[in-house]
Amino acid sequence: GTRIIYDRKFLLDRRNSPMAKTPPCHLPNIPGVTSPGEPGEEPKADTNSLNHQEGKPSMGDEAQFEMDI
């Protein structure tokens with residue numbers, strides 16, 4: 001197949017083009033991700049990920065390799 005390779009200068013020149021500032025036409029509307037979120041809406045912190053890292057690991061979370069410290 002044919003491979004198209006763009007150099008850094010070419011891509012940086014295209015960064016400020018009007019097309020680069022326009023979202024794709026078939027992009028779904030997800031508030032806070034693909035469109036600005038509601039005013040006053042704050043991102044929620046995932047507290048579950050913090051709680052699982054403390055204590056002993058649950059099944060399937062054990063280290064792949066043991067480390068000697």
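**Exercise 1. Is Y6 buried, partly exposed or exposed, and what is its relative accessible area?**

Before you start: this is a predicted model, where local features need pLDDT of at least 70, side-chain atom pairs count only at pLDDT 80 or more, and totals for chains, interfaces and linings use all residues. Residues are numbered from 1 along each chain as its sequence is written, and side-chain values use heavy atoms, with hydrogens and water left out.

*Solution.*
- Step 1: get the cut-offs straight: buried is under 20% relative accessible area, exposed is over 50%, and partly exposed is in between (1.4 Å probe, protein chains only).
- Step 2: Y6 has a relative accessible area of 48%, so Y6 is partly exposed.
- Step 3: zoom out, and 0% of the protein's 69 residues count as buried.

**Exercise 2. Work out how the rings of Y6 and F10 are arranged.**

*Solution.*
- Step 1: rings of Phe, Tyr and Trp (its six-membered ring) pair if their centres lie within 6.5 Å; planes under 30 degrees apart are stacked, over 60 edge-to-face, and the rest tilted.
- Step 2: the structure has 1 aromatic pair.
- Step 3: the centres of Y6 and F10 sit 5.2 Å apart with planes at 10 degrees, so this pair is stacked.
- Step 4: F10 is partly exposed, at 30% relative accessible area.

**Exercise 3. Find the salt bridge and place it in the fold.**

*Solution.*
- Step 1: a salt bridge needs a side-chain nitrogen of Lys or Arg within 4 Å of a carboxyl oxygen of Asp or Glu.
- Step 2: that rule gives a count of 1 salt bridge.
- Step 3: its partners are the side chains of D13 and K9, at 3.1 Å from N to O.
- Step 4: helices (H or I, at least four residues) and strands (E, at least two) are DSSP runs, numbered from the N terminus; the protein has 2 helices and 0 strands.
- Step 5: D13 and K9 both belong to helix α1, 4 residues apart, or about one turn of the helix.
- Step 6: K9 counts as exposed at 55%, while D13 is partly exposed at 43%.
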